[in-house]
Amino acid sequence: MQLLDAALAFVLTMAALATVVTVMMESCIRMARIRKKNFIHTMRLLARELDLKALGMDGEALWKFLVRVIQPPSTPTHQKIKGSHSELSDIDRKMAALGPDRARGTSLPVRLWNLICQIPGDAKREALNDTASLEHLLRCLADTPAVKTTILNARDRVDVEFNRIARKYEEISAGISIGFKRHTQAWTMIVGIVFAIACNINGLTIFETFLLDPELAQTVITTYDTSENGPDNAGSTPLSPAPENDLSMDAARDRLAELKAMGIPMGWHTGRTLAPLSTTEMSQPVQWMFNCVLPWVFKTFIPWLFPVALTGALIGLGAPFWFDVAKRLSQIRKGIQNDAASKEFRFSSENANGNPAKRREIVTRVLTDAAREAQLSETEKDTHKVQS
């Protein structure tokens with residue numbers, strides 16, 4: 001039981017430290033306007049997918065629709081996107097300028113410099129949305145005068161096109177979101193390693209401390225394990241994945257200070273360092289290098305660096321990962337097994353998860369959409385034959 005308590009306390013500590021790293025990453029993401037850029041890129045790709053003929057739209061109507069989606073109506077007049085675009089190529093160039101600025105094609109120093117330049121502000125994207133619901137997007141499209149006229153004259157055709165646009169929007173958004181999460185995870189690992197080295201956080205030392213000090217492990221479990229905290233524990237601060245809007249640097253600093261106050265070994269303290277050079281050693285630097293520096297590097301520095309860097313990589317896995325592991329360990333610790341199957345979503349589509357009724361629902365929905373599209377296609381072919 002003591003080993004399980006130490007493991008749970010270690011996992012909860014990793015989750016708390018991962019929360020701090022998450023705050024750092026979120027600050028960088030907001031500073032770089034990554035979500036705004038990804039949303040603009042999503043709308044740029046969606047604009048290429050729209051069938052303007054089916055909707056009765058021209059380039060100018062498409063541009064007004066895009067502006068309405070990406071820019072809230074409360075935007076001040078001096079910040080509103082201006083310009084008239086009648087060609088899709090013009091719209092594509094304008095959306096590309098508002099988007100990621102082709103950052104992936106530039107070198108890392110240039111990208112870092114662009115990030116630094118955005119710290120004071122980003123007037124180009126300041127007044128733009130960073131997301132839009134599917135319903136809002138479709139309503140903006142339906143309110144376009146050209147589309148309203150087309151709905152009255154060819155309702156079935158517009159209905160099919162709206163369904164296709166909805167699927168495309170979800171697929172494009174999910175694809176960009178997956179790429180965003182993959183790159184964010186890689187950078188979170190890097191930030192976690194730098195954070196662990198800067199704060200001297202050694203996971204092996206922390207776990208060993210929990211093994212040797214059961215009271216400290218129990219204190220961490222009581223403080224952070226949500227399954228341990230009931231509604232009457234008003235003084236505790238249970239650990240849970242905080243919403244992005246609730247993240248703050250002050251909360252991160254408080255979390256780090258709280259961990260140190262508990263007695264968890266982290267941070268810098270006086271240790272073994274290289275002694276200052278004597279007069280003889282200064283006259284023989286090569287001998288000093290082999291006799292003092294190299295032994296210190298291999299016996300002290302590398303054995304310290306490896307577990308600390310590994311701890312940083314573990315922290316970089318993120319608070320949701322460690323929180324999920326903590327819940328599972330808590331269930332094992334209490335002898336509780338959770339049989340609820342976890343749902344996984346890919347490209348905003350549902351999985352059956354072994355449910356026959358859900359499987360039939362998905363198949364029926366897909367076949368119904370396919371039949372409607374096929375029927376419309378056949379109708380257009382027959383109409384074309386009659387006209388010719």
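Which residues does Leu314 touch, not counting residues up to four places away in sequence?

## Leu314 and its contacts

In this predicted model, Leu314 touches Met14 and Trp322, once residues up to four places away in sequence are set aside. Leu314 belongs to helix 14, which covers residues 285-315. Its relative accessible area is 27%, and Leu314 is therefore classed as partly exposed.

The contact with Met14 bridges a long stretch of sequence: Leu314 and Met14 are 300 residues apart along the chain, yet their C-alpha atoms are 7.5 Å apart in space.

## Overall architecture

The secondary structure of the protein consists of 16 helices and zero strands. The protein has 388 residues, of which 34% count as buried.

Contacts across the sequence can be considered for pairs of residues at least 6 apart. Among these contacts, 80% join residues at least 24 apart. The pair formed by Leu314 and Met14, 300 residues apart in sequence, is one illustration of a contact over such a separation.

## Helix 1 and Thr13

Helix 1 takes in residues 2-31, 30 residues in number; at 1.5 Å a residue, a span of 44 Å is expected, and the end C-alpha atoms are indeed 44 Å apart, so the two values agree. Of these 30 residues, 21 are buried, which means that helix 1 is largely enclosed by the rest of the structure. Just after the helix, Arg33 adopts a positive phi of about 55°.

Thr13 is found in helix 1. Its relative accessibility is 0%; because buried means under 20%, Thr13 falls in the buried class. Leaving aside neighbours within four places in sequence, Thr13 is in contact with Ile206, Phe210, Val220, Leu259 and Ile264.

## The buried face of helix 5

Helix 5 comprises residues 88-98, and its buried residues are Ile91, Asp92, Met95, Ala96 and Leu98. Viewed down the axis of helix 5, these buried residues fall within an arc of 160°, and they therefore line one face of the helix. An α-helix has 3.6 residues a turn, so residues three or four places apart point the same way.

The partners of this face can also be identified. The buried residues of helix 5 pack against helix 2 (34-49) and helix 4 (59-70).

## Asn200 in a loop

Asn200 lies in the loop between helix 9 and helix 10, the latter covering residues 203-212. The phi of Asn200 is near 55°, a positive value in a residue other than glycine. With a relative accessible area of 11%, Asn200 is buried, because the cut-off for that class is under 20%.

## The internal cavity

How many cavities of 30 Å³ or more does the count give? The count comes to one cavity of 30 Å³ or more. The largest cavity has a volume of about 40 Å³.

The lining of the largest cavity is made up of Val160, Asn163, Arg167, Asp369, Arg372 and Glu373. By class, these lining residues divide into one nonpolar, one polar and four charged. Helix 9 (155-199) and helix 16 (356-387) each supply at least two residues of this lining.

Terms used: Residues numbered from 1 in each chain as written. Predicted model: local features only at pLDDT ≥ 70, side-chain atom pairs only at ≥ 80, totals over all residues. Heavy atoms only, no water. 1 Å grid on protein atoms, 1.4 Å probe; cavity = no way out; pocket = protein on both sides within 12 Å on 5 of 7 lines; lining within 4 Å. Points joined across faces, edges and corners; volume = space filled by probe spheres on them. Helix = DSSP H or I, 4+ residues; strand = E, 2+ residues; numbered from the N terminus. Nonpolar A, V, L, I, M, F, W, Y, C, P; charged D, E, K, R; others polar. Buried < 20%, exposed > 50% of the residue type's maximum accessible area, 1.4 Å probe, protein only. Arc of directions from axis to C-beta. Contact = heavy atoms within 4.5 Å. Expected span 1.5 Å × (residues − 1).
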